[in-house]
Amino acid sequence: MANRFGIRLQHRLPRLGGVYPCLAANPLSSMPPFSTRASGQRATRRVALGIGFSFLSQFINMAAANLGAKSFIASARQKGAIEKVLENVEWPEQFPFKEEDFQRFDESSDSLFYESPRFVTHIDDPAIAALSKFYLEVFPPSDSPGVALLDICSSWVSHYPKGYKQSRIAGMGMNEEELKLNPVLTEYVVQDLNVDPKLPFEDNTFDVITNVVSVDYLTKPIDVFREISRILKPGGLAIISFSNRCFWTKAISIWTSTGDADHVVIVGGYFHYAGGFEPPKAVDISPNPGRTDPMYVVYSRKLAA
Ligand SMILES: C[S@@+](CC[C@H](N)C(=O)[O-])C[C@H]1O[C@@H](n2cnc3c(N)ncnc32)[C@H](O)[C@@H]1O
């Protein structure tokens with residue numbers, strides 16, 4: 001089936017647990033909307049601002065140019081390319097995405113879609129291992145007094161390092177049966193963030209907030225990211241990770257219309273436009289590029305008070 005940009009989606013290929021590959025589209029070519037600098041490059045280029053998808057494709061092409069590559073897809077496969085995507089970005093003043101960018105093919109209630117539990121994993125084992133390893137490097141040590149974590153869009157698994165625990169690890173998701181069985185959670189809340197993006201926690205509560213292969217389902221991402229900023233402690237870390245798989249009917253249009261590197265820009269933009277965060281960074285933790293599931297992390301710390 002073609003999406004609203006007339007691009008074919010590979011949605012018929014079944015994937016682990018019914019998660020289907022998202023489209024990895026080749027970004028359109030056009031003028032870049034704002035300037036970026038690759039490392040060591042001083043000059044900036046400023047050009048006319050586009051919006052939504054065209055904004056994104058313009059930016060991607062600028063980034064590709066900065067990387068010295070003919071296409072961003074090609075350059076994204078270069079080692080270290082993903083890390084460069086969010087370096088020295090000059091974001092447009094206004095949030096560049098349009099309302100329709102956050103529409104989904106299936107606009108029925110998410111409660112219906114997530115009514116039955118899915119005791120499956122949505123990424124393959126090497127990708128899970130890579131994410132757990134990343135967490136191990138950046139999480140506060142296990143069992144640290146006063147440390148609290150939150151996993152948003154959680155399920156029966158959070159992919160935290162083996163044996164990791166804290167006195168408070170909260171989870172939010174759509175299916176209670178899944179959350180109930182998540183061994184790392186000390187508490188959970190079932191809440192549809194597309195209906196109510198307010199996170200039910202006090203200001204400055206959490207040291208780390210995670211979100212795994214789910215940011216693409218948020219239709220009000222800026223509201224949610226503002227909430228993430230509000231409930232993180234100053235200096236607290238938000239870690240958004242994703243692969244190239246999704247429930248494509250439930251993912252937002254701007255996500256299913258674009259590729260992996262574009263997704264890094266989209267999530268980076270959420271941090272930027274929500275405000276209250278340090279400039280976001282991206283890292284490609286794909287364990288076996290081209291052979292097993294890719295895995296990307298976009299992360300940022302809440303600005304210190
Ligand atoms: C692909 S699963 C990922 C689950 C888990 N993070 C993992 O890594 O296995 C997507 C998750 O997003 C959550 N989700 C989807 N739409 C949501 C919504 N509107 N509000 C809150 N959570 C949502 C669901 O609970 C579901 O568990």
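In the predicted model, 19 residues surround the ligand, a residue being counted when its C-beta atom, placed from the backbone, lies within 6 Å of the molecule; the closest are C153, G173, M174, L193 and V212. By class, this shell comprises 9 nonpolar, 8 polar and 2 charged residues, where Ala, Val, Leu, Ile, Met, Phe, Trp, Tyr, Cys and Pro count as nonpolar, Asp, Glu, Lys and Arg as charged, and the others, Gly among them, as polar. Residues are numbered from 1 along each chain as its sequence is written. Because the model is predicted, local features need pLDDT of at least 70 and side-chain atom pairs count only at pLDDT 80 or more, whereas totals for chains, interfaces and linings use all residues.

The chain contains 9 helices and 9 strands, taken as DSSP runs numbered from the N terminus (helices: H or I, at least four residues; strands: E, at least two). Of its 305 residues, 45% are buried; a residue is termed buried if 20 or more other C-beta atoms, placed from the backbone, lie within 10 Å of its own, exposed if 12 or fewer, and partly exposed in between. Among contacts (C-beta atoms, placed from the backbone, within 7 Å) with a separation of 6 or more, 71% involve residues 24 or more positions apart.

Helix 5 (residues 125-138) has 14 residues and reaches 20 Å from its first C-alpha to its last, close to the 20 Å expected at 1.5 Å a residue, the expected span being 1.5 Å times one less than the number of residues. Its buried residues are A127, A130, L131 and Y135; they lie on the same side of helix 5 because they cover an arc of only 140 degrees around the axis, the arc being that of the directions from the helix axis to the C-beta atoms. Strand 5 (206-212) and strand 6 (232-242) are included in what covers these buried residues, while the face turned away from the buried side carries the exposed residues D125, K133 and E137.

The largest nonpolar core, a set of buried Ala, Val, Leu, Ile, Met, Phe, Trp, Tyr and Cys residues joined through C-beta atoms within 7 Å, has 65 residues, and those with the most contacts inside it are F206, I209, A238, I240, V264, Y296 and V298. Helix 9 (residues 260-274) gives the most to this core, with 8 residues. Leaving aside neighbours within four places in sequence, Y296 is in contact with I82, S241, F242, D260, V264, A282 and D284.

D143, in the loop between helix 5 and strand 2 (148-152), has a positive phi near 60 degrees although not a glycine.

Conventions
Two residues are in contact if their C-beta atoms, placed from the backbone, lie within 7 Å.
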